[in-house]
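Biologist: Could you teach me how to read a protein model, one feature at a time?
Modeller: Gladly! Let's look at the picture together.

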Amino acid sequence: MKNFELPPLPFAQDALHPHISANTLSFHYDKHHRAYVDNLNKLRVGTKFEDSGLEDIIRKGDGPLYNNAAQVWNHTFYWNCLSPQGGGKPTGELLSAIEETFGSFDEFKTKFSAAAASLFGSGWVWLVCDKKDNLEILSTPNAGNPIRDGKDPLLVIDVWEHAYYLDYQNKRADYIAHFFDLIDWKAVEERF
Ligand code: FE2
């Protein structure tokens, strides 16, 4: 059995300032993300998932094992949606698909932001596509992950309080607005 490892953060911890602080990232990445990896490695000992990949556990696992596996995957994916050079809007086929599905990029932004603001408690809000490249905004509570439902994640925002509370306290809407200044649309386009 090979342990899962915490993947390196794809940018310096102070690189997302002023949108997300180094203080937030030190807790979010070094403490929360790392704890999910450590818990996952402990929990799968002695289970049928000892030699399984992360996505296999997300598709077939349950309970704490599923929760920790999905949180490991979701956080790695979230970091890879962000860039110090992010923001703006997508181009090409993804932009066309967004305009076709949601009316315009601004409409998409409004709907995605509203979904992120209104998700009750902790969870994730995704832009996903299905096997026919239909786009959809999806909210998943807690450690939810669209892979379990056969959807392909393109973009995600973490709306657990640990993602924004040190910087924005109760003002989740401010965090969501700043998140849009960090989105790495090139990476999102490559997934589409
Ligand atoms: Fe998180």
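Modeller: This is a predicted model. Let's begin with strand β3, which is mostly covered, with 6 of its 7 residues buried.

Biologist: When is a residue called buried?

Modeller: A residue counts as buried when its relative accessible area is under 20%. Try the idea on two residues: D158 is buried, and H162 is buried too.

Biologist: Now the sheet. In what order do the strands lie?

Modeller: A sheet is read strand by strand, across the pairing. Here 3 strands form an open sheet in the order β2-β1-β3, with antiparallel pairing. β2 (135–141) and β3 (152–158) are at the edges with a single partner strand each, so one side of each has no neighbour in the sheet. On average, neighbouring strands of this sheet are turned by 25° against each other, ignoring direction.

Biologist: How many bridges join β1 to β2, and which residue stands opposite V125?

Modeller: β1, residues 123–129, pairs with β2 over 7 bridges in the antiparallel sense. V125 stands opposite S139 in β2. On the other flank, β1 and β3 form an antiparallel pair over 6 bridges, and V128 faces P153 in β3.

Biologist: Which helix packs on the sheet?

Modeller: Helix α3, residues 63–79, packs on the sheet and touches β1 and β3. Its direction makes about 85° with that of β3.

Biologist: Next, the metal. Which residues are the protein donors of the iron ion?

Modeller: For a metal site, look for the atoms that reach it. The iron ion has H28 (NE2), H75 (NE2), D158 (OD) and H162 (NE2) as its protein donors, 1.9 to 2.1 Å away. Along the sequence, their spacing reads H-x46-H-x82-D-x3-H.

Biologist: Why is the arrangement tetrahedral?

Modeller: Four donors count as tetrahedral if all angles lie between 85 and 135 degrees. The 4 donor atoms around the iron ion subtend angles of 89 to 127°, so the arrangement is tetrahedral.

Biologist: And the aromatic rings? How many aromatic pairs does the structure hold?

Modeller: There are 19 aromatic pairs in the structure. One of them, Y29 and W79, is edge-to-face, at 6.1 Å centre to centre and 75° between the planes. This pair links distant parts of the chain, as Y29 in helix α1 (residues 22–43) and W79 in helix α3 are 50 residues apart.

Biologist: Are those two rings' residues, Y29 and W79, buried or exposed?

Modeller: Y29 is buried, with a relative accessible area of 9%, and W79 is buried at 2% relative accessibility.

Notes: Residues are numbered from 1 along each chain as its sequence is written. This is a predicted model: local features need pLDDT of at least 70, side-chain atom pairs count only at pLDDT 80 or more; totals for chains, interfaces and linings use all residues. Side-chain values use heavy atoms; hydrogens and water are left out. Donors are N, O and S atoms within 2.8 Å of the metal (3.2 Å for Na, K and Ca); water is not among the atoms, so sites may look incomplete. Four donors count as tetrahedral if all angles lie between 85 and 135 degrees; four count as square planar and six as octahedral if opposite donors are over 155 degrees apart and all others between 65 and 115; anything else is irregular. Buried means under 20% relative accessible area, exposed over 50%, partly exposed in between (1.4 Å probe, protein chains only). Two strands pair if DSSP finds at least two bridges between them. Helices (H or I, at least four residues) and strands (E, at least two) are DSSP runs, numbered from the N terminus. Axes are lines fitted to C-alpha atoms, for helices over the stretch in contact, and angles run from 0 to 180 degrees between N-to-C directions. Contact means heavy atoms within 4.5 Å. Rings of Phe, Tyr and Trp (its six-membered ring) pair if their centres lie within 6.5 Å; planes under 30 degrees apart count as stacked, over 60 as edge-to-face and the rest as tilted.
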